[in-house]
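Me: I should like a close look at a single part of this model. Please take the sheet, together with the loops that adjoin its strands, and describe it in one connected account.

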Amino acid sequence: DFDGKRYLDGISSWWTNLFGHANPRINAALREQLETLEHVMLAGFTHQPVVELSERLSALTGGVLGHAFYASDGASATEIALKMSFHYWRNVGRPEKSEFLCLAGSYHGETVGALAVTDVAIFKDAYAPLVRAAAHVLPSPDFRLAEAGESPADVARRAAAGLESWLEQNGERTAALIVEPLVQGAAGMAMYDPEYLRLARQLCDQYEVHLICDEIAVGCGRTGSFFAHEQADIRPDLMCLSKGISGGYLPLSIVLCSDTIYAAFLDDSVARAFLHSHSYTGNPLACRAALATLDIFAADDVLTVNRKKAQKIEKI
């Protein structure tokens with residue numbers, strides 16, 4: 001600070017910073033990019049960093065999520081994912097599937113659409129007249145709600161039974177279920193067993209409902225795997241990324257989607273296109289910071305190192 005005191009950024013500037021402030025490798029990548037291209041719109045144009053980043057992120061999903069849509073922040077990614085799901089069902093002739101489902105205690109951002117799938121009163125109540133509320137499925141898989149003798153997996157299965165009951169009655173109207181995989185941040189870091197994600201994936205397939213994984217806070221290695229949902233051995237239909245993906249340097253968010261969803265928008269008719277745009281979508285500087293971040297993960301074998309650190313910490 002102004003008096004020369006040092007501070008630890010204990011929450012990584014809202015969980016965005018992964019490798020420290022003024023990281024020399026990310027700094028170097030940004031300096032190089034500044035001398036090449038600062039920005040160009042992603043509307044009829046493209047550039048090398050955004051193409052490379054899209055390909056590398058797709059590869060991290062095993063190619064299951066093969067298409068990327070770019071924005072600037074987490075709430076924007078939520079808005080995009082919800083709109084994309086809604087529009088997909090309209091394009092495939094299922095306009096009745098227009099409602100959304102989220103977990104009790106969920107948080108997915110503070111713009112109007114994101115508030116619809118957020119269940120934290122302090123953020124939402126003042127704007128209730130503006131919000132088209134989604135349904136909140138009970139009970140939550142939060143392991144703190146365990147009854148006598150229940151394991152975290154038991155809590156997850158009980159919560160999944162509640163989800164199944166809800167979908168039996170409302171699946172025909174439901175476009176998507178959105179979840180924060182493994183950890184519900186604003187609910188007090190509420191953690192739950194991967195079994196819930198496995199069962200939710202099965203139920204979404206059964207009732208033809210999109211599964212949206214909001215990895216904005218929990219992705220990029222925050223839970224021990226690069227994506228939190230990987231611990232359930234599943235893939236979502238849509239995935240939201242932000243925060244740590246740029247190493248905490250620049251605003252960047254990404255929605256990855258499956259080939260099936262992408263194909264529903266690929267048409268000569270503009271009415272079927274996904275008409276959602278941001279002026280700074282896929283900014284080259286932000287994408288280059290993200291590429292440098294992925295390079296550090298690979299070069300330093302970060303996830304393996306973190307697991308070793310976790311083992312030491314658990315013994316303390």
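The reply below deals with the sheet and then with the loops.

Reply: The model is predicted, and the account that follows rests on its coordinates. The sheet is open and consists of 7 strands in the order 1-9-8-7-4-2-3, with mixed pairing. Its edges are formed by strand 1 (67-71) and strand 3 (135-137), each of which pairs on one side only. On average, and with direction ignored, neighbouring strands of this sheet are turned by 25 degrees against each other.

At the edge formed by strand 3, the partner is strand 2 (residues 99-103); the two run parallel and are joined by 3 bridges. Within this pair, C102 stands opposite H136 of strand 3. Beyond strand 3, the loop that leads to helix 7 (152-170) contains P139. The peptide bond from L138 to P139 is cis, its omega being near -10 degrees. Most peptide bonds, by contrast, are trans.

Helix 4 (residues 74-91) lies across strand 1, strand 2, strand 4 (174-179), strand 7 (210-214), strand 8 (238-241) and strand 9 (253-257). With respect to strand 9, helix 4 runs at about 25 degrees.

The loop between strand 1 and helix 4 holds S72. With a relative accessibility of 28%, S72 is classed as partly exposed, because that value falls between the 20% limit for buried and the 50% limit for exposed. The side chain of S72 makes a polar contact, at 2.9 Å, with the side chain of D73. If neighbours within four places in sequence are left aside, S72 is in contact with P251, L252 and S253. S253 belongs to strand 9, which spans 253-257. A263, on the other hand, is 191 residues from S72 in sequence and 24 Å from S72 in space, C-alpha to C-alpha.

A further loop, between strand 8 and strand 9, includes K243. Phi of K243 is near 45 degrees, which is positive although the residue is not glycine. Most residues other than glycine have a negative phi. K243 has a relative accessible area of 23% and is therefore partly exposed.

Outside the sheet, a positive phi, near 55 degrees, is also found at A22, likewise a residue other than glycine. A22 is placed in the loop between helix 1 (12-15) and helix 2 (24-34). At 54% relative accessibility, A22 counts as exposed, because the limit for that class is over 50%.

Notes:
Residues numbered from 1 in each chain as written. Predicted model: local features only at pLDDT ≥ 70, side-chain atom pairs only at ≥ 80, totals over all residues. Heavy atoms only, no water. Pairing = 2+ DSSP bridges. Helix = DSSP H or I, 4+ residues; strand = E, 2+ residues; numbered from the N terminus. Axes fitted to C-alpha atoms, helices over the stretch in contact; angles between N-to-C directions. Contact = heavy atoms within 4.5 Å. Buried < 20%, exposed > 50% of the residue type's maximum accessible area, 1.4 Å probe, protein only. Polar contact = N/O pair within 3.5 Å; in protein donor to acceptor, adjacent residues only side chain to side chain.
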